[in-house]
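Please open the model in your viewer and keep the sequence panel beside it. The tour below goes from one selection to the next and says what is found at each stop.

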Amino acid sequence: MIALRECSCGATAYTQEDLELFCKQPECKYGRSNRCKKCQSIIASDSYKRNKHKSYPSSAERRREMKRLAVELKGGKCANCGIEYNGENAVIFDFHHLDPTQKDFSISNKRRLTDEVIAELNKCVLLCSNCHRMEHKA
């Protein structure tokens, strides 16, 4: 019997059903690559581990950058006491919704400064964490 696809690990497809073990690749014969899904997963994982420092910023770095941009967008100083953003203290600032009933989501849960996030920021004022706590005290 002639093999339709064969991976370097030994996985072989003799029938159309066997082809399900191989990665989809429309430009290849039978619409499948010569690499099985298991081998492709291992290769992709190894490649990510080797190269993640090059082009994949960490989630924490993306969040910090988004916060920095959002703080700058809101003017960079507390609307109550006037403490200013100095390039390193973005962590002390909070976004206070003026009307809590208009809050669609928490800005801190977002990773990128999209149009949706900017629209939500427009419903807020920038407060330092101390002023924000005072604003919410009951």
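**Start at Ala90**

Select Ala90, which counts as buried at 11% relative accessibility; here buried means under 20% relative accessible area, exposed means over 50%, and partly exposed is in between, with a 1.4 Å probe and protein chains only. This is a predicted model, in which local features need pLDDT of at least 70 and side-chain atom pairs count only at pLDDT 80 or more, while totals for chains, interfaces and linings use all residues. Residues are numbered from 1 along each chain as its sequence is written, and side-chain values use heavy atoms, with hydrogens and water left out.

Ala90 is found in the loop between α2 and β5; helices (H or I, at least four residues) and strands (E, at least two) are DSSP runs, numbered from the N terminus. Leaving aside neighbours within four places in sequence, Ala90 is in contact (heavy atoms within 4.5 Å) with Lys67, Arg68, Val71 and Tyr85. If you draw a distance from the C-alpha atom of Ala90 to that of Leu69, 21 residues apart along the chain, the separation is 9.3 Å.

**The second largest pocket**

Keep Ala90 selected and add Arg63, Arg64, Lys67, Arg68, Glu88, Asn89 and Val91, which together with Ala90 line the second largest pocket. On a 1 Å grid over the protein atoms alone, a pocket is an open set of points where a 1.4 Å probe fits, with protein on both sides within 12 Å along at least five of seven lines, and lining residues have an atom within 4 Å of a point. About 170 Å³ of space lies in this second largest pocket, a volume being the space filled by probe spheres set on the points, which are joined across faces, edges and corners. By class, its lining has 2 nonpolar, 1 polar and 5 charged residues; Ala, Val, Leu, Ile, Met, Phe, Trp, Tyr, Cys and Pro count as nonpolar, Asp, Glu, Lys and Arg as charged, and the others, Gly among them, as polar.

**Along β5 and β6**

Next, select β5 (93-97), a strand that is largely enclosed by the rest of the structure, because 4 of its 5 residues are buried. Strand β6 (residues 124-128) is likewise largely enclosed, since 4 of its 5 residues are buried. β5 and β6 pair in the antiparallel sense over 5 bridges, where pairing requires that DSSP finds at least two bridges between two strands. To follow the register, note that Phe93 stands opposite Cys128 in β6, and that His97 stands opposite Cys124 in β6.

Just beyond, select Asp99, whose place is in the loop between β5 and α3 (115-121). Asp99 counts as partly exposed, at 36% relative accessibility, and its C-alpha atom is separated by 8.3 Å from that of Cys124, 25 residues apart along the chain.

**The nonpolar cores**

Which residues have the most contacts inside the largest nonpolar core? They are Val71, Cys78, Phe93, Phe95, Ile107, Val117 and Leu121, in a core of 17 residues; a nonpolar core is a set of buried Ala, Val, Leu, Ile, Met, Phe, Trp, Tyr and Cys residues joined through side-chain atoms within 4.5 Å. α2, β5, α3 and β6 each supply at least two residues of this core, and its largest share, 4 residues, comes from β6. Apart from it lies another core, of 8 residues, among them Leu4, Cys7, Ala11 and Leu19.

**The largest pocket**

Now select Asp94, Phe95, Ser106, Ile107 and Ser108, which lie nearest the centre of the largest pocket among its 16 lining residues. About 320 Å³ of space lies in this pocket, and its lining divides into 5 nonpolar, 6 polar and 5 charged residues. α2 (59-73), β5 and α4 (129-136) each supply at least two residues of that lining, the largest share, 5 residues, coming from β5.

From here, move to Ser129, whose place is in helix α4. Ser129 is buried, with a relative accessible area of 18%, and, not counting residues up to four places away in sequence, touches Ile92 and Asp94.

**Last stop: Tyr30**

Finally, select Tyr30, found in the loop between β3 (22-24) and β4 (32-36) and partly exposed at 37% relative accessibility. Most residues other than glycine have a negative phi. Tyr30 has a positive phi of about 70° although it is not a glycine.
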